[in-house]
Amino acid sequence: MERLTRYRVTTDYKGEYAEPEEGVDNADICNRLAELEDKLENGQAFELPCAIHDTLYTHKKVFGKWQIEELECWGFHCDGRKILFIDCQNAKTASSNSLRSFRLEDFGKSVFTEKDQAEARLKELKGNK
């Protein structure tokens with residue numbers, strides 16, 4: 001499938017939009033984006049919450065005290081239609097006992113892409129104690 005859209009790095013601080021390459025019609029671009037959106041809505045494609053080697057954050061209780069754990073995404077398990085699990089490992093120790101798996105539903109609840117989100121959730125957990 002021919003790619004219709006391209007990234008363009010601008011040196012202009014205004015960030016002006018790039019024109020399509022010669023011979024590419026704006027209608028073709030819109031149609032392609034609509035096809036991709038249809039696939040997302042129908043479950044034929046999905047957006048990943050993170051990439052391999054991204055840093056993720058979760059909270060855990062160690063010796064009775066809550067703390068933030070920094071993880072590294074190692075891989076994805078999928079059945080061809082959806083992601084089943086996201087595998088992570090402790091980013092600092094990378095020991096075999098630090099392997100963790102999360103479901104997509106866990107993002108925003110027990111695993112986060114930003115440290116400040118994990119810290120906010122940790123405050124909630126401590127407040128509900």
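Helix α1 covers residues 26-42, and E41 is one of the residues found in this helix. Since the coordinates come from a predicted model, please read every value below as computed. E41 is exposed, because its relative accessible area of 60% lies over the 50% mark. On the surface, E41 gathers with E35, E37 and D38 in a patch of negative charge.

With that helix in view, let us step back to the whole fold. The protein chain has two helices and five strands. Followed from the N terminus, these elements come in the order α-β-β-β-β-β-α. The chain has 129 residues, of which 20% are buried.

Where do some of those buried residues come together? The largest nonpolar core holds ten residues: C50, L56, L71, C73, I83, I86, C88, F102, F107 and V111. Two strands, β2 (65-78) and β3 (83-90), are the elements that give two or more residues to this core. Strand β3 gives the most, with three residues.

Strand β1 is the next stop. This strand spans residues 55-62, and Y57 is found in it. Is Y57 buried or exposed? Y57 counts as buried, because its relative accessibility of 13% is under the 20% limit. You can also use Y57 to relate two distant stretches of sequence: Y57 and K115 are 58 residues apart along the chain, yet their C-alpha atoms are separated by 6.0 Å. K115 lies in helix α2, which runs over residues 115-127.

Now for the charged pairs. The count of salt bridges comes to five. One of them joins the side chains of R100 and E69, with 2.7 Å from N to O. This pair links distant parts of the chain, as R100 sits in strand β4 (residues 100-102) and E69 in strand β2, 31 residues apart. What is the relative accessibility of E69? At 4%, E69 counts as buried, because that value is under 20%. R100, by contrast, is partly exposed, because its relative accessible area of 27% falls between the 20% and 50% limits. The two residues also belong to a wider arrangement, in which K60, E69 and R100 are linked in a network of salt bridges.

A further salt bridge is formed by R103 and D106, whose closest N and O atoms are 3.1 Å apart. Here too the partners differ in their exposure: D106 is buried, with a relative accessible area of 13%, whereas R103 is partly exposed at 40%.

Our walk ends in helix α2, where the side chains of E124 and R121 meet in a salt bridge of 3.0 Å, N to O. How many residues apart are E124 and R121 in this helix? They are three residues apart, so about one helical turn separates them. Both partners are partly exposed: E124 has a relative accessible area of 45%, and R121 has one of 25%.

Notes: Residues are numbered from 1 along each chain as its sequence is written. This is a predicted model: local features need pLDDT of at least 70, side-chain atom pairs count only at pLDDT 80 or more; totals for chains, interfaces and linings use all residues. Side-chain values use heavy atoms; hydrogens and water are left out. Patches are made of residues with over 30% relative accessible area and no salt bridge: like charges are joined within 9 Å, nonpolar side chains (Val, Leu, Ile, Met, Phe, Trp, Tyr) within 5 Å. Accessible areas come from the Shrake-Rupley method with a 1.4 Å probe; for residues, only the protein chains shown count as cover. A salt bridge is a side-chain nitrogen of Lys or Arg within 4 Å of a carboxyl oxygen of Asp or Glu. Lys and Arg count as positive and Asp and Glu as negative; His and the chain ends are not counted. The place of a charge is taken as NZ of Lys, CZ of Arg, CG of Asp or CD of Glu. Helices (H or I, at least four residues) and strands (E, at least two) are DSSP runs, numbered from the N terminus. Buried means under 20% relative accessible area, exposed over 50%, partly exposed in between (1.4 Å probe, protein chains only). A nonpolar core is a set of buried Ala, Val, Leu, Ile, Met, Phe, Trp, Tyr and Cys residues joined through side-chain atoms within 4.5 Å.
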